[in-house]
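Visitor: I have a protein model open on my bench computer and would love a friendly tour of its charged pairs. Could you walk me through it?

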Amino acid sequence: MHHETEVAHASNGHEAVAKVCSAPEDRLMIAGEDDMRVLNDAVSKVSPHAVKDLLSLGICIGCIFRLSGVHGHIFSCPSLLLSILHPVIGEPTDSSTHRYTGIGGNEDSGAAHSSQESECEPVICSICLGVLQFTYFDDKKMLVKKDSADELAVSIANLVKKEGHEFDNFSLEVSIPPVITENEHVVLLYMKKKYGSELWFQEKFLSERISAKDALKLSLCNPLEKLLDVKSSGSSTFRIRLTYAQARASGKNQNITERSQGCKRRRTGTENIFSTVHGSVVDGIECSDISTSEADAGIRKPSDGLQDNENSDCFKFPLEKVNQPCHLAFLCYRTHIYIGGRYLKYSRNVSQTRWIIDDERMGEASVEEIIGGNILPMCLGDNYKFHAAGREDINVRMLGSGRPFLVEIQNSRHVPSEALIKEIEVKINKLENKLVRVKNLKLVDSHGWSLMQEGEEEKQKQYAALVWIDRPLKDEDMQAISSLKDKKILQRTPIRVLHRRSPLEREKIIHWMKIEKIAGSSQYFLLHLCTQAGTYIKEFVHGDLGRTHPSVGSILGCRAEILQLDVTEVKMDCFLDE
């Protein structure tokens, strides 16, 4: 008796229904001539006695075909492969059927089963740990058994739709435990030893082999494209990620891995193939990090590159029986999007980023929260990060054309249009408190991020400082200040930031200065100056107890204090008026 699962999804305003048949006899009836030709061609490339041998050793049919150099989209339904193989290898035993289909009995393949139903539990592939049998533990630690890649794709598509992302294409990512690669290598050595002299092995087995990860991706991409009504693309910013994690390895498997790595080091004098695969342990589950490319690269090499370690202690065969499949964690997300522009800050009581000391907020608000807090809801993202080309102190205003900034939106479910970004800009600029204003807001790519970082290193900044000196201002003072061009100064780390910055001495350049008198005052004036990025302006005025030299005070030969400071220009070629 068979069943079918239906999944409805929207496609350009129309409802489409994807029907997935799970019974192998149904798949034989609906398979097209092209599909059958591909499957029959694949079957013709494998050795019947080798297939029987490997099945009896607990290796699934998908891995057998992979290791035999078979390519193409043939891994999506193990039951169908078994049906086609019957005339070639004869009727398999119940144990081998379970072993390679990953299904015990005739249960609903989309259901989760209690671990107490031991008679219905699948025999898990010794190589792929159930990955190509579409059998896994879900996030609730319940056993899930799918009969085909189509059924797994249905579950994935449903989860994607629940997340509510808008996307025009997708990229499928798969991460598998490194132990799968180790298992593959062990079996390859066994096959080379046993079948290396046979013609089929020499002709077919020396070709490149597809990795377990890529076999799974090949099986899932086509049904996902149909269910989601978009194409897959390696460059897509929307990612569907499947992370398979193995429960902590048993002592025997752990010893195999350690011996394997030790032998590799002795043989090559280099680190093992997994040295760049970052491992992590979550909830007692050991898994690989995002990339397993180097491990896969090792598996894709032809078998003539295998080292003959059959007689060593590095690789013991047969592999240990696997009782549990991997845990599967599903994640769909969009890579970060960036919205850039320039901000102006009109208040002397607003910090650039959220500033909390001993649970007490410093200042009435922050530029980060005002801008990011209005952008994030419009993009339906999970979180945001605020980046700016430098920073001003909380009591310093940012005027002129503004300071370049980027808001990095994490996992945005909606990519804003130009019209929506303009709406966000208007909304921020109409806030009642008028603390911050933004301009030239736009969606930018990673190039905008690089441009801002490069400009930050090379930029010049202009300031206007209200200065007091302890004597009346003279005409020669104005001349002494304005005559200095590209003046080099030395600044030791200021006392006021010494608690959080390294004690260094930095050379900075004062490009130009001029004094603007204030009517009715002889000891107060406005100092306009242009400096190299990173110059401490307050310390340049008062000298910081001699830690900055020369300073305005030392140039004028008097005591000088800065009372107020404004940034009037940040000279960078990004996010300017078009």
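**Salt bridges and their surroundings**

Guide: Gladly! In this predicted model, the side chains of Arg559 and Glu561 meet in a salt bridge, at 3.3 Å from N to O.

Visitor: Is Arg559 of that pair buried or partly exposed?
Guide: Buried would require under 20% relative accessible area, and exposed over 50%. Arg559 has 48% relative accessibility. That value falls in between, so Arg559 counts as partly exposed.

Visitor: And Glu561, buried or partly exposed?
Guide: The cut-off for buried is under 20%. Glu561 comes to 26% relative accessibility, so the label is partly exposed.

Visitor: Which residues are joined into one network by salt bridges that share partners?
Guide: Here we leave the Arg559 and Glu561 pair and look at shared partners. The salt bridges concerned link up into one network, and its residues are Asp393, Arg496, Lys538 and Glu539.

Visitor: How far apart in sequence are the parts that Lys345 and Glu392 tie together?
Guide: Lys345 and Glu392 form a salt bridge, with their closest N and O atoms 3.9 Å apart. Lys345 belongs to strand β12, residues 337-345, while Glu392 sits in the loop between β17 (383-388) and β18 (397-410). The pair therefore ties together parts whose separation in sequence is 47 residues.

Visitor: Does Lys345 count as buried or exposed?
Guide: A residue is buried when its relative accessible area is under 20%. Lys345 has 0% relative accessibility, so this lysine is buried.

Visitor: Which residue besides Lys345 forms a salt bridge with Glu392?
Guide: Glu392, at 5% relative accessibility, counts as buried. A salt bridge needs a side-chain nitrogen within 4 Å of a carboxyl oxygen. A closest N to O distance of 2.8 Å to Glu392 meets that rule, and the residue is Arg403.

Visitor: Where does Arg403 lie?
Guide: Both Arg403 and Glu392 are buried. Their pair ties together parts eleven residues apart in sequence, because Glu392 is in the loop between β17 and β18 and Arg403 lies in strand β18.

Visitor: Stepping back, how many salt bridges does the count come to?
Guide: We have met several by name, among them Lys345 with Glu392 and Arg403 with Glu392. By the 4 Å rule, the count comes to 21 salt bridges.

Visitor: What percentage of the residues in the protein is buried?
Guide: The protein has 18 helices and 25 strands. Of its 578 residues, the buried ones make up 51%.

Conventions
Residues numbered from 1 in each chain as written. Predicted model: local features only at pLDDT ≥ 70, side-chain atom pairs only at ≥ 80, totals over all residues. Heavy atoms only, no water. Helix = DSSP H or I, 4+ residues; strand = E, 2+ residues; numbered from the N terminus. Buried < 20%, exposed > 50% of the residue type's maximum accessible area, 1.4 Å probe, protein only.
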